Amino acid sequence: MDFLTYALATVVNVAVVAVVTRRLLGVPVGWPRTIVVSLLMLGTFSGVGTWITAALHLDLAATDQVAATAAILGLTVGWLLAAQVAILAVLEAFVPTGTLPGPVALLRSVPLRRRRAVRYSKIVRIAAAHGLSAYLRPTGARAAGDVPASKVARSLREALTEGGVTFIKLGQMLSSRPDLLPEAYVRELSSLQSNVPPAPWPQIHSVLAREVGRPLAEVFEHVDEVPVAAASVAQVHRAQLIGGEEVVVKIQRPEARRQALADLDIVLRLGAWLDRTTGWGRRLGVDGLAKGFARSLEEELDYRVELGNMRAVAEGVARAGFPRVTVPRAREDLSTSHVIVMERMSGSPVSAAEPVLSRFSPAERRQMAEDLLGVVLHQVVITGVFHADLHPGNIFVSEEGGLGLLDLGAVGRLDRGARTSIGLLLAAVDRQDSLGAADALLDLLDRSEHLDDRRLEREVGQLILRHGSGLSSAGSAALFVDLFRLVLDHGFAVPSQVAAAFRALGSLEGSLRLISPGMDLVEAAREQGRGLVTQTMTPAAAKETLEAQLASLLPVIQRLPRRINKITEDVEAGRLTVNVRALGDPRDRAFITGIVHQVVMTALAAACVLGGILLVASDGGPMMTPTVELNSFLGFTLLFFGFVLGSRVLVLIFHQHRTTADALRSDWRR
């Protein structure tokens with residue numbers, strides 16, 4: 001019974017001390033560390049109390065010193081609390097609450113942490129083997145010396161290839177961000193491939209049977225065991241349905257999702273660490289890039305997202321008016337999150353289609369290329385849903401001269417404002433209007449604080465003249481590539497979807513030149529762009545836009561007469577006033593209030609410390625006990641309050657700094 005009583009008393013004491021300490025600090029300190037520190041302080045209380053009693057020669061039995069002795073012991077308890085506050089303040093400064101997992105979570109995560117540590121060590125070994133270990137240190141690029149960018153980019157590509165599917169796809173994503181990486185890195189990462197040996201048929205068969213949900217013989221007449229293409233995430237097999245329809249089946253590898261998500265966890269942690277510890281990581285916003293990549297990869301691993309992309313792009317292609325270009329029709333009743341069944345397209349990808357293309361005349365090949373260009377521009381300018389990965393391997397050429405768009409895992413989307421700005425940009429390029437093109441860019445992109453508008457206009461004019469006058473043989477797509485470099489040189493912030501649209505238009509040139517080598521890409525792009533801009537400026541389109549704008553303005557227009565009447569009445573009666581609140585935003589008031597609180601607490605802490613020092617150092621004065629002066633007691637009491645207030649101010653400063661930094665970093669990434 002005595003042990004239970006002591007244990008209960010200990011729990012109550014620890015709880016009270018922990019609550020008081022957390023209230024004194026004024027920030028949400030973690031309970032585990034608070035309880036541990038409270039137990040340590042509680043364990044030392046008996047020894048400290050005995051030492052104080054002996055050092056000050058306190059007579060606990062003297063009835064005339066009960067109040068003084070109680071006050072001294074109370075001050076001792078207060079200083080023990082102050083010591084606990086100091087320990088927690090130091091912990092919060094160097095190891096903030098939430099940076100370490102709790103005990104239960106730590107025990108549960110031991111197996112995962114072991115696997116993660118093994119994978120971390122492998123990644124570090126890969127980076128070191130390719131000469132990239134210097135970039136994992138806080139000094140970053142400075143530690144690497146004067147290594148040429150092309151060599152570092154090549155080493156990065158090789159390391160990502162060796163890292164596996166997740167890191168290959170990370171490199172492919174980074175290759176689409178020339179606004180973040182130098183040209184040498186973008187060029188090198190664009191060549192990343194993820195071709196791997198196919199998985200054994202029994203494994204693929206089990207995945208297909210599980211996803212279909214019934215015996216394969218009830219759905220397929222046959223499925224080829226040898227895939228026509230194999231990548232790190234999925235492989236594609238030819239098949240025939242029971243009704244005789246020829247299809248292809250895209251099947252996700254059995255371990256692809258588990259491996260990708262495991263590596264994705266490492267990518268997220270590595271991104272957060274690089275963002276926190278390296279200067280180049282903070283400049284590039286590596287943590288935000290990693291999170292954006294994680295979202296896109298999770299969507300890519302769910303084939304239901306690709307099915308939705310196929311529907312959206314197919315609708316846009318059908319409305320474009322180019323029947324030669326199609327998107328394969330998916331069998332949604334047989335498709336799942338791991339399997340897509342779609343119609344089979346005869347022919348070859350553009351990258352290997354020269355034997356098929358050679359059967360057509362130059363005029364027919366030119367028409368095929370113009371139709372493809374027209375469809376892509378229609379997607380970007382009119383519908384806003386476009387294929388974001390138009391390399392030659394994703395465009396099929398049929399025996400009859402048809403073109404098919406494949407692999408719609410990567411699709412971009414543009415809102416009405418962005419589509420209008422791109423249309424105006426195309427129209428300005430066609431008219432060689434540098435001022436109109438510069439205005440369209442300003443509407444499309446996020447301008448920097450130090451943008452020189454006149455310099456931008458001049459350089460845009462030079463670029464348009466160079467490409468539009470036939471002086472450049474690089475082609476129409478080179479216009480978008482050079483334009484993209486131009487906006488980056490001027491410090492524009494490029495939204496990811498706009499960057500994807502520029503990249504899609506830029507990467508299309510390789511496919512167009514393979515289809516029709518002698519095609520005048522500049523003139524074709526100007527003709528197609530002129531037609532699309534004309535479509536957006538027809539009376540019907542203008543009427544639709546005007547109706548949409550009026551619908552949004554109608555409530556304002558309805559209230560406008562009443563408001564004008566109210567203003568004129570106030571002016572006539574001399575009652576018109578204008579109220580301006582300097583601190584109208586609650587966030588502004590909270591900021592000022594926080595600053596005032598910190599200043600007041602700092603002043604109080606300083607006053608208490610100075611007053612305490614003066615009282616402790618003073619001579620004479622009344623005695624509390626035969627060995628303790630009242631001035632000394634009051635001085636140590638003031639020092640106690642000054643110490644607690646100072647600790648609270650320091651913790652609040654560290655906590656506010658961390659919160660503000662997180663908010664600013666989040667705003668910058670958005």
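This is a short tour of a predicted model, stop by stop, with something to select at each one.

**Stop 1: a four-stranded sheet**

Start by selecting β5, β10, β9 and β7. Together they form an open sheet, and that is also their order across it; the pairing is mixed. Now pick out the two ends: β5 covers 325–326 and β7 covers 348–349, and each of these edge strands pairs on one side only. As background, strands of a sheet pair through backbone hydrogen bonds, either parallel or antiparallel.

Which way does β5 run relative to β10? Select residues 403–405 to bring up β10: the two strands are parallel, and two bridges join them. For a close-up, click on T326 and look across to G404, its bridge partner in β10.

**Stop 2: helices α11 and α13**

Next, select 256–277 for α11 and 286–301 for α13. Their axes come within 8 Å and cross at roughly 165 degrees. Angles over 145 degrees count as roughly antiparallel, so that is how α11 and α13 lie to each other. The crossing of this pair is left-handed.

Show side chains to see who meets whom. On the α11 side, look for residues including R257, L261, L264, L268 and D275. Facing them from α13 are, among others, V286, D287, K291, F293, L297 and E298. What kinds of residue make up this contact? The tally for α11 with α13 is 13 nonpolar, one polar and five charged.

**Stop 3: helices α17 and α18**

Move along to 416–431, which is α17, and 434–444, which is α18. These helices pack at about 165 degrees, with their axes 8 Å apart. That angle makes α17 roughly antiparallel to α18. Is the crossing of α17 and α18 left-handed or right-handed? It is left-handed.

To light up the contact, select A418, S421, I422, L424, L425 and A428 in α17. Then add G436, A437, A440, L441, D443 and L444 from α18. Colour the α17 and α18 contact residues by type and you should find nine nonpolar, two polar and one charged.

**Stop 4: E315**

Finish on a single residue. E315 sits in α14, the helix spanning residues 303–320. How exposed is E315? Its relative accessible area is 49%, so E315 counts as partly exposed, the cut-off for exposed being over 50%.

Now add V385 to the selection. In sequence E315 and V385 are 70 residues apart, while in space their C-alpha atoms are 9.5 Å apart. Draw a distance line between those two atoms, and that's the end of the tour.

How values were computed
Residues numbered from 1 in each chain as written. Predicted model: local features only at pLDDT ≥ 70, side-chain atom pairs only at ≥ 80, totals over all residues. Heavy atoms only, no water. Pairing = 2+ DSSP bridges. Axes fitted to C-alpha atoms, helices over the stretch in contact; angles between N-to-C directions. Parallel < 35°, antiparallel > 145°, perpendicular 65-115°, else oblique. Left-handed = near helix turned anticlockwise from the far one by under 90°. Contact = heavy atoms within 4.5 Å. Nonpolar A, V, L, I, M, F, W, Y, C, P; charged D, E, K, R; others polar. Buried < 20%, exposed > 50% of the residue type's maximum accessible area, 1.4 Å probe, protein only.
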